[in-house]
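This briefing sets out the main architectural features of a predicted model. The points that follow are grouped by topic, and each is to be read alongside the sequence and the coordinates.

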Amino acid sequence: VWGDPDVGIVGDINGKADNIGWGYGSHWNPVANAIRSFGLGAEVKSGWSVSGIASEIAAGNPVIIWWVNGVWPAYEVDWKTPGGKSVRGVNSMHVQVVKGFTGTVDNPQSFVVTDSGYGYPGRSYDVGTFKAKWSWFGNTAIVVR
C-alpha cells in the first residue's frame, strides 16, 4: 500500500519514503496542474510521437517527458493505494525536459534533454534510444505553452 502518483508525489519529494527507503514521484496530471497554477498552459499528451515533440520544440514550447532513467534495468512495480486503486509504476521512472532536436520535424534524429536531478543541462539521445526509454510510460508528455 502506497500513495497515488496520479494525484501527487508518492514518497518524499527528495526520493525517500520512510517505510520503503525510496520515493517514486508523480505522474503527469499533478505536474500539469501545478504548471497551470502558475498561469501557464500545460497539455498532457499520451500515445504521442517523436514528430509531435519535434513540432512543439520547433514552435518554442518545452516538452516534459516521463521515461526510464537507464541507471538499472527497468521493470514494472505495482501497488495499491490506501483507497484500493491499483497503480502501475516503473522502478526507474524519471522526468526530463526536452529542449532541442536534430533532423527535421517529420524525421527527428536525436533529442536534447535537460535533467536537473542528475545535474546535466543538456544531453543528446538518438531517436531509437529516446523512444525505447519513453515507451515505458505510454509515450506520455506535457507540452508547456
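The core element is an open sheet of 6 strands, arranged in the order β1-β8-β2-β5-β6-β7 with antiparallel pairing. β1 (42–45) and β7 (120–126) are the edge strands; each has a single partner, so one side of each is left without a neighbour in the sheet. On average, and with direction ignored, neighbouring strands of this sheet are turned by 35° against each other.

**Strand pairing**

- Strand β2 (residues 63–68) pairs with strand β5 (residues 93–103) in the antiparallel sense, over 6 bridges.
- In this pairing, W66 stands opposite V95 of β5.
- A further antiparallel pairing joins β3 and strand β4 (residues 86–90) over 5 bridges, and here D78 has R88 in β4 as its bridge partner.
- The hairpin of β3 and β4 has 5 residues between the strands, and G84 in this hairpin takes a positive phi near 95°.

**Helix α1**

- Helix α1 (residues 28–36) packs on the sheet and touches β1, β2 and β8 (141–144).
- The direction of α1 makes about 165° with that of β1.
- W28, P30, A32 and I35 are buried in α1, and the buried residues of this helix pack against β1, β2 and β8.

**Helix α2**

- Helix α2 (residues 50–58) lies across β2, β5, β6 (108–115) and β8, and runs at about 70° to β5.
- Its buried residues are V50, G52, I53, A54, E56 and I57.
- The elements that cover these buried residues include β2, β5, β6, α3 and β8.
- Just after α2, G60 takes a positive phi of about 90°.

**Helix α3**

- In helix α3 (residues 127–134), the residues V127, F130, K133 and W134 are buried.
- These residues cover an arc of only 130° around the axis, which puts them on the same side of α3.
- As background, an α-helix has 3.6 residues a turn, so residues three or four places apart point the same way.
- The buried residues of α3 pack against α2, β2, β5, β6, β7 and β8.
- At the start of α3, a side-chain oxygen of D126 comes to within 3.0 Å of the backbone nitrogen of G128.

**Aromatic pairs**

- The count of aromatic pairs comes to 9.
- For the pair of F101 and F111, the ring centres are 6.4 Å apart and the planes stand at 45°, so the pair is tilted.
- F101 lies in strand β5 and F111 in strand β6, so this pair ties together parts that are 10 residues apart in sequence.
- F101 counts as partly exposed, at 21% relative accessibility, whereas F111 is buried, with a relative accessible area of 0%.
- Ring pairs link W67, F101, F111, Y125, F130 and W134 into a cluster; among these residues, F130 and W134 are also buried residues of α3.

**Individual residues: G103, N69 and N139**

- G103 lies in strand β5 and, leaving aside residues up to four places away in sequence, touches P108 and Q109.
- The C-alpha atoms of G103 and V127 are separated by 10.0 Å, although these residues are 24 residues apart along the chain.
- N69 is found in the loop between β2 and β3 (76–80) and counts as buried, at 14% relative accessibility.
- Not counting residues up to four places away in sequence, N69 touches S92, H94, Y118 and K133; K133 is itself one of the buried residues of α3.
- N139 lies in the loop between α3 and β8 and has a positive phi of about 50°, although it is not a glycine.
- By way of context, most residues other than glycine have a negative phi.
- With a relative accessible area of 21%, N139 is partly exposed.

Key:
Residues are numbered from 1 along each chain as its sequence is written. This is a predicted model: local features need pLDDT of at least 70, side-chain atom pairs count only at pLDDT 80 or more; totals for chains, interfaces and linings use all residues. Side-chain values use heavy atoms; hydrogens and water are left out. Two strands pair if DSSP finds at least two bridges between them. Helices (H or I, at least four residues) and strands (E, at least two) are DSSP runs, numbered from the N terminus. Axes are lines fitted to C-alpha atoms, for helices over the stretch in contact, and angles run from 0 to 180 degrees between N-to-C directions. Contact means heavy atoms within 4.5 Å. Buried means under 20% relative accessible area, exposed over 50%, partly exposed in between (1.4 Å probe, protein chains only). The arc is that of the directions from the helix axis to the C-beta atoms. A polar contact is a pair of N or O atoms within 3.5 Å; within protein, one must be able to donate a hydrogen and the other to accept it, and residues adjacent in sequence count only if both atoms are side-chain atoms. Rings of Phe, Tyr and Trp (its six-membered ring) pair if their centres lie within 6.5 Å; planes under 30 degrees apart count as stacked, over 60 as edge-to-face and the rest as tilted.
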